[in-house]
Amino acid sequence: MTKIFEIATTFFAYLKRPDLYPELRRKIWKNIFNRSSGLRGKDEAEKWCQDLAVSEKDFIENVLKTEFVSFEKIFPQDFEQAVLAQEKTPVKMGGAGSLSVIYYINEFVKSQSAIETGVAYGWSSFAALASLVKRNGTLYSSDMPYILQNQSEDFVGCVIPEKYKNNWELFRFADKESLPKIFEKTNTFDTVHYDSDKTYDGRMWAYSLLWDKLRNGGIFMSDDVGDNAAFKDYCERNGRKPHIIEFDGKYAGIIIKD
Ligand SMILES: C[S@@+](CC[C@H](N)C(=O)[O-])C[C@H]1O[C@@H](n2cnc3c(N)ncnc32)[C@H](O)[C@@H]1O
């Protein structure tokens, strides 16, 4: 009964948002014909990640050849303000990954143009922007609202310091609609951070599209790559050599584009 109520509430919430109808159609299709996409190959992916994983410190020092100081120690005041901003929100949204890795990959490639999928409170956006603003660069973000929380849209990106917001462009649609709109603005990126639709098929669709827009020497990052086998399969099928980073019991995948 509760499940039926949840499905009905979600459906009616989507009906109020014509801009999200394409995503509603995809969700209905997925729930009828492709329910296994979220966890496809999870066991093999987790094992693969465990075998390859290093800490964020090891990755930053050994691969990026930079001394590791954690993100919150580099920006203590802004970080403290961000924590307070999140505490004040009445909504619960998705959590952050490794802010240090996001910050240092943007530093490593001297990023001026970055793209991310999935914003929520904006922790990853905060970390990328902390680097981008040094070069007056831009972060393009795609984020679909949490459909069941009316107020959530007001708080998307709420932890991003105000002083960074001139360097941030947010597209509030599902990735399938946002990404083409972002590519109309700019077509090449120095870094990519994928943290939105975590299904196997959602990742596979976005990974190849985003990879093609990454410049040579740029860095591709995806969060939660142990959740299913999409990142592993993508790397194996395309001959990519990934770095896997363990952080907070989860895995992020990184590929440097040669
Ligand atoms: C894990 S949270 C992002 C966390 C953020 N990157 C951070 O580190 O703070 C995932 C976000 O992706 C959004 N999302 C989920 N599916 C999406 C889709 N198909 N298109 C765009 N955004 C999506 C969710 O609404 C949520 O805001």
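Visitor: Which atom of glycine 118 lies 2.9 Å from a nitrogen atom of the ligand?
Guide: A backbone N or O atom of glycine 118. The model is predicted, so this distance is computed from predicted coordinates.

Visitor: What makes that a polar contact?
Guide: The pair is 2.9 Å apart. The cut-off for N or O atoms is within 3.5 Å. The glycine 118 pair therefore qualifies.

Visitor: What does the protein bury of the ligand?
Guide: Alone, the ligand exposes 610 Å². The protein buries 90% of that.

Visitor: Which atoms put methionine 144 and aspartate 195 in polar contact with the ligand?
Guide: For methionine 144, a polar backbone atom is 2.7 Å from a ligand oxygen. For aspartate 195, an N or O atom in the side chain is 2.7 Å from a ligand nitrogen. Both values are within 3.5 Å, so both count.

Visitor: How many residues surround the ligand, and which are the closest?
Guide: There are 20. The closest are Ser124, Asp143, Met144, Asp175 and Asp195.

Visitor: Asp175 also belongs to helix 10. Which residues of helix 10 are buried?
Guide: Asp175, Glu177, Ser178, Leu179, Ile182 and Phe183. Buried means under 20% relative accessible area.

Visitor: What do the buried residues of helix 10 pack against?
Guide: Helix 2, strand 2 (113–117), strand 3 (138–142), strand 4, strand 5 and helix 11.

Visitor: Why is threonine 199 called buried?
Guide: Its relative accessible area is 11%. The limit is under 20%, so threonine 199 is buried. Threonine 199 sits in the loop between strand 5 (189–194) and helix 11 (200–213).

Visitor: What does threonine 199 touch?
Guide: Beyond four places in sequence, Lys30, Ser37, Gly38 and Asn228. The side chain of threonine 199 also reaches the backbone nitrogen of glycine 202, at 3.0 Å. That is within 3.5 Å, so the pair is a polar contact.

Visitor: Is proline 161 buried or exposed?
Guide: Buried, because its relative accessibility is 11% and the limit is under 20%. Proline 161 is in the loop between helix 9 (152–155) and strand 4 (168–171).

Visitor: Which residues is proline 161 in contact with, leaving aside neighbours within four places in sequence?
Guide: Asp78 and Phe126. As for phenylalanine 79, proline 161 is 82 residues from it in sequence and 8.9 Å from it in space, C-alpha to C-alpha.

Visitor: How many salt bridges does a search of the whole structure find?
Guide: It finds 22. One of them joins glutamate 153 and arginine 17, with the closest N and O atoms 2.5 Å apart. The cut-off is within 4 Å, so the pair passes.

Visitor: Why does the pair of glutamate 153 and arginine 17 tie together separate parts of the sequence?
Guide: Glutamate 153 lies in helix 9 and arginine 17 in the loop between helix 1 and helix 2, so the parts joined are 136 residues apart.

Visitor: What makes lysine 27 and glutamate 23 a salt bridge?
Guide: Their closest N and O atoms are 3.2 Å apart. That is within 4 Å, so the pair qualifies. Both residues lie in helix 2, 4 residues apart, about one turn of the helix. In general, an α-helix has 3.6 residues a turn, so residues three or four places apart point the same way.

Visitor: Why is lysine 27 called partly exposed and glutamate 23 buried?
Guide: Lysine 27 has a relative accessible area of 29%. Glutamate 23 has 11%. Buried means under 20% and exposed over 50%, with partly exposed in between. So lysine 27 is partly exposed, and glutamate 23 is buried.

Visitor: How do you know that aspartate 201 and arginine 40 form a salt bridge?
Guide: Their closest N and O atoms are 3.4 Å apart, and the cut-off is within 4 Å. The pair links distant parts of the chain: aspartate 201 is in helix 11, and arginine 40 is in the loop between helix 2 and helix 3 (42–52), 161 residues away. Salt bridges that share partners also join Arg17, Asp19, Glu153 and Arg172 into one network.

Visitor: Which residues form the nonpolar patch on the surface?
Guide: Phe11, Phe12, Leu15, Tyr21, Ile28, Trp29, Ile32 and Phe33, with about 840 Å² of accessible area together. Helix 1 (2–15) and helix 2 (21–33) each give two or more residues. Helix 2 gives the largest share, 5 residues.

Visitor: What makes phenylalanine 11, in helix 1, accessible enough for the patch?
Guide: Its relative accessibility is 33%, so phenylalanine 11 counts as partly exposed. Patch residues need over 30%, so phenylalanine 11 passes that cut-off.

Notes: Residues numbered from 1 in each chain as written. Predicted model: local features only at pLDDT ≥ 70, side-chain atom pairs only at ≥ 80, totals over all residues. Heavy atoms only, no water. Patch = residues over 30% accessible without salt bridge, like charges linked within 9 Å, V, L, I, M, F, W, Y side chains within 5 Å. Areas by Shrake-Rupley, 256 points an atom, 1.4 Å probe, with all protein chains shown as cover. Salt bridge = Lys/Arg side-chain N within 4 Å of Asp/Glu carboxyl O. Buried < 20%, exposed > 50% of the residue type's maximum accessible area, 1.4 Å probe, protein only. Contact = heavy atoms within 4.5 Å. Polar contact = N/O pair within 3.5 Å; in protein donor to acceptor, adjacent residues only side chain to side chain. Near = heavy atom within 4 Å.
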